[in-house]
Protein chains: 2
Amino acid sequence: MNKKPLILVTNDDGMFAPGLRALVEVARNLGEVVVVAPDSPQSGQGHAVTLSEPIRINAVDVFPEIDAYECSGTPVDCVKLAKHIVLKDRKIDLCISGINHGSNASVNILYSGTMSAAMEAALEGIKSIGFSLLDFSYTADFAPSQPYIKTLMKFVLNGGMQKGHLFNVNIPKLPLEEIRGIKVCRQAHGRWIEEFVEGTDPRGEKYYWLTGKFEVNDQGSDHDIWALENGYVSVVPSIHDLTNHAELDHLRQALETIKTPAS
Amino acid sequence: MNKKPLILVTNDDGMFAPGLRALVEVARNLGEVVVVAPDSPQSGQGHAVTLSEPIRINAVDVFPEIDAYECSGTPVDCVKLAKHIVLKDRKIDLCISGINHGSNASVNILYSGTMSAAMEAALEGIKSIGFSLLDFSYTADFAPSQPYIKTLMKFVLNGGMQKGHLFNVNIPKLPLEEIRGIKVCRQAHGRWIEEFVEGTDPRGEKYYWLTGKFEVNDQGSDHDIWALENGYVSVVPSIHDLTNHAELDHLRQALETIKTPAS
């Protein structure tokens with residue numbers, strides 16, 4: 001008898017984000033779902049973990065017939081607690097994170113709590129996918145995302161991904177009939193152009209508040225931002241190896257031959 | 001006339017960490033140094049940025065004849081504020097982060113605030129190096145690290161690194177004469193084996209506190225943990241591209257041919 005796959009669902013927008021609800025709606029038809037999500041918004045938390053204070057976790061009754069827990073920590077903490085405490089090291093067949101309210105394309109994989117949760121699952125040997133919709137609105141329409149999410153989840157549950165890997169999936173803000181399909185992409189070269197809004201608080205102290213816009217420096221047509229701008233769902237297969245392999249040989253010659261400072 | 005290079009120094013252990021002081025001591029002989037460091041310890045903050053609250057920055061008189069600023073945000077915030085507010089978009093020739101109290105080898109590049117600050121600099125087009133000593137102690141001896149740090153900084157200042165790149169440098173806890181030199185390495189495969197210490201707080205509420213030990217799953221002798229265990233300073237050339245390039249072709253065939261859910 002086929003056992004239902006165990007699916008862990010998390011996000012960075014918190015337990016009551018509509019994007020999480022939309023993701024649970026898809027997942028509940030594909031397996032046994034357990035939700036462990038932050039008890040407050042955690043956007044931009046990156047791969048932060050809570051080391052210097054305790055973490056709390058509480059069962060909450062949010063989704064009918066689904067075990068859900070809110071956690072006081074970061075998205076990465078949620079995955080760690082889910083695996084070791086909530087699920088007591090049961091085998092998790094898939095971790096899905098999102099649906100994020102807003103894009104996590106390009107280098108935003110590094111800043112995003114949603115993607116860092118997916119990355120943490122991958123580090124723990126759990127196949128994982130992070131989903132983001134290019135719409136920051138609280139009332140965003142997640143319905144067109146759902147069939148693509150189902151397709152990609154089934155692909156991974158059916159053996160389409162290796163352990164330790166993850167997908168960074170971004171979905172354009174379009175009606176279903178205008179989405180042109182899936183593009184498998186590399187991560188676009190881009191960066192945030194920061195601006196800091198300067199202000200003075202009610203006590204007369206100066207402060208800075210981070211804002212900015214994203215700039216793409218990439219002429220290719222094989223990257224995720226190109227795919228999104230052209231109406232595709234972008235899938236970037238990702239991995240936690242940040243080694244710049246192309247530089248290894250050249251640097252070995254340059255650095256390993258330096259006389260050691262001690263000599 | 002040769003202008004002195006502009007060197008930004010930051011860390012994640014905070015303005016008063018001895019590792020920061022040891023790094024400033026080296027940097028001050030190589031250029032004009034500006035320090036922007038967190039006003040509190042920020043270990044494990046990863047690539048977190050402060051989005052939902054203001055950030056404060058204050059000049060502090062900590063290092064003789066060196067401009068230093070403490071910042072209420074994360075290590076990544078420090079780099080952003082340094083570039084755009086403190087240095088008003090002057091060209092930064094090198095960003096160095098550390099010296100971290102404790103290893104940032106292997107996948108710890110993702111969890112580490114020290115390495116995320118270096119990564120953020122790289123994302124902003126600033127050449128950067130993160131340094132870590134394999135000694136958590138507050139009274140760690142940073143002296144044997146300093147000649148290696150000087151060597152690597154000079155290498156980068158003399159044109160040895162491309163824009164957008166960074167080095168993850170870890171230094172073994174050894175006397176200078178026992179350090180065998182520099183090894184250029186790939187990032188080791190490894191992961192944290194988590195344990196959560198369960199407790200009850202004074203108000204009777206249950207909590208969890210993250211701990212764990214690091215496990216290396218890598219038989220190679222070309223990775224950073226091997227180098228450190230064998231007495232070398234490890235240098236991992238790193239980059240912010242997390243794309244799993246090896247999987248692109250195979251996944252294009254598998255995923256782009258799926259009938260679109262809309263059809």
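Which residues in H1(B) meet which residues in H5(B)? Ala22(B), Leu23(B), Glu25(B) and Val26(B) of H1(B) meet Ser145(B), Gln146(B), Ile149(B), Lys150(B) and Met153(B) of H5(B). Two residues are in contact if their C-beta atoms, placed from the backbone, lie within 7 Å. By class, this contact of H1(B) with H5(B) has 5 nonpolar, 2 polar and 2 charged residues. Nonpolar covers Ala, Val, Leu, Ile, Met, Phe, Trp, Tyr, Cys and Pro; charged covers Asp, Glu, Lys and Arg; the others, Gly among them, are polar.

This is a predicted model: local features need pLDDT of at least 70, side-chain atom pairs count only at pLDDT 80 or more, and totals for chains, interfaces and linings use all residues. Residues are numbered from 1 along each chain as its sequence is written, while chains are lettered from A and ligands numbered from 1 in the order in which they are written.

**The helix pair**

H1 spans residues 18-27 and H5 residues 145-160 of chain B. Their axes come within 10 Å and cross at roughly 50°. H1(B) and H5(B) are therefore oblique to each other (neither under 35 degrees, nor over 145, nor 65 to 115). Helices (H or I, at least four residues) and strands (E, at least two) are DSSP runs, numbered from the N terminus. Axes are lines fitted to C-alpha atoms, for helices over the stretch in contact; angles run from 0 to 180 degrees between N-to-C directions.

**The sheet**

Chain B has an open sheet of 9 strands with mixed pairing, in the order S3-S4-S2-S1-S5-S6-S7-S11-S8. Strands pair if DSSP finds at least two bridges between them. The edge strands are S3(B) and S8(B), each pairing on one side only. The twist averages 20° from one strand to the next. S8(B) and S11(B) pair in the parallel sense over 3 bridges. Val184(B) has Val235(B) in S11(B) as its bridge partner.

Two helices lie against these strands:

| Helix | Strands touched or crossed | Angle |
|---|---|---|
| H7(A), residues 248-255 | S8 and S11 of chain B | about 165° with S8(B) |
| H2(B), residues 75-86 | S1, S2, S3, S4 and S5 of chain B | about 135° to S2(B) |

**The two chains**

71 residues of chain A contact 71 residues of chain B. The side of chain A that touches chain B has 39 nonpolar, 19 polar and 13 charged residues. A turn of 180° and a shift of 0.0 Å along the axis lay chain A on chain B with an RMSD of 0.0 Å. That is the relation of a two-fold axis. The same surface serves both copies: 99% of the contact residues of chain A recur in chain B. Superposition is by least squares on the C-alpha atoms of residues with pLDDT of at least 70 in both copies.
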